[in-house]
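Reader: Please take a close look at a single part of this model and go through it in order. I would like each cut-off stated where its term comes up.

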Amino acid sequence: MRVLITGANGFVGQHLCPLLLDAGHEVIAAIRHDSAPELPGAVSICNVGDLTPGTFWRDTMQGVDAIVHLAARAHVMEETAPNPMMAYRRINVEATRRLVMEAALLGVKRVVLMSSIKVNGEATHGRPFTADDTPAPQDPYGITKRDAEVETRRATEGTNTDFVILRAPLVYGAGVKGNFLALMQAIAAGKWLPFGMIANRRSLIHAGNLAGAIKCAVEQPAAAGRTYLVRDGEDLSTTELCRRLGKAMGSPARRLPVPMGLLKLAGKIAGKEAQVARLTGSLEVDDGPIRAKLGWRPDLGVDQGLELTAAWFKSRGDGNA
């Protein structure tokens, strides 16, 4: 199968490309530049420039059987756009619409859209999220990912192109950035963390496991027209995640037993209620359908995934972001 991957040299793409190659697929990486030394040499590189609603896809898509759309505007740590929602919409919605419409016009058999559990919402209360839940995104990223799903369904309706949508929770693994990397750096530095009494439950998925789910979505005929939620298979509290991550790193996490109520109060005073809510709240996903209908199973357990991530972190040697 000839598979085109947008954002192929990104975090998830670097795990997906070798997996597809090993399965015998031809992989074309649609990236911003002319080279991607981090990708296997067998990957064909296609420079499409910045992802925009005006990106020309027709030549790139010739002879392609499936597209995996990973490229997106994700969480921006230090926002500089004068209108963040417009910036998210331009890439995550309008550019996705253009991509999927071109794919349908050219008869590409399948588009796999990488979405986010943020489409469902920010927290669960007593039961995990499912793909059938009414979407309730709370921030520009989640809202535009929901809209990208809508546009993908609309653009493929009545065509010979089908779609598969995958929603992932927190993704970690070699190459991880953002808050997960910051947590690893804090543990490595021996900093005290106020996460010793958090009794929540949060799903997560190693990038290698997510790559396996994407491969399944590309290959399985039964996946057509469906939305699936994915996870490693074991949900952890923030406290337990810190403990296991510290163990994997060989640097036990120093956790202060701060009550959740006090953490939330501190977050409110500091104007960081949303960040504290994510640390203390639960977010569980139901991955039963992809296991039952497609036979997908994650290759790595949580502890294995954390050990691989810790090994990558140590190999960097500098502890910098």
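Author: A residue counts as buried under 20% relative accessible area, as exposed over 50% and as partly exposed in between, with a 1.4 Å probe and protein chains only. By that scale F180 is buried, at 4% relative accessibility. Y172 is buried as well, with a relative accessible area of 0%.

The model is predicted, so local features need pLDDT of at least 70 and side-chain atom pairs count only at pLDDT 80 or more, while totals for chains, interfaces and linings use all residues. Residues are numbered from 1 along each chain as its sequence is written, and side-chain values use heavy atoms, leaving out hydrogens and water.

The part to look at is the sheet, in particular β4. Seven strands (DSSP runs of E, at least two residues, numbered from the N terminus) form an open sheet in the order β3-β2-β1-β4-β5-β6-β10, with parallel pairing (at least two DSSP bridges between two strands). Its edges are β3 (44–47) and β10 (226–229), each of which pairs on one side only. On average, neighbouring strands of the sheet are turned by 20 degrees against each other, direction ignored; the axes are lines fitted to C-alpha atoms, for helices over the stretch in contact, and angles between N-to-C directions run from 0 to 180 degrees.

Strand β4 (residues 66–69) runs parallel to β1 (residues 2–6), and four bridges join them. A66 of β4 is the bridge partner of V3. Towards β5, the pairing is again parallel and over four bridges, with I67 bridged to V111. In a regular strand, side chains alternate between the two faces of the sheet. In β4, A66 and V68 point one way, I67 and H69 point the other way, and all are buried.

Two helices (DSSP runs of H or I, at least four residues) can be placed against these strands. Helix α3 (residues 84–105) packs on the sheet and is in contact (heavy atoms within 4.5 Å) with β1, β4 and β5 (110–116). The direction of α3 makes about 175 degrees with that of β4. Helix α4 (residues 140–156) also packs on the sheet, touching β5, β6 (162–168) and β10, and its direction makes about 165 degrees with that of β5.
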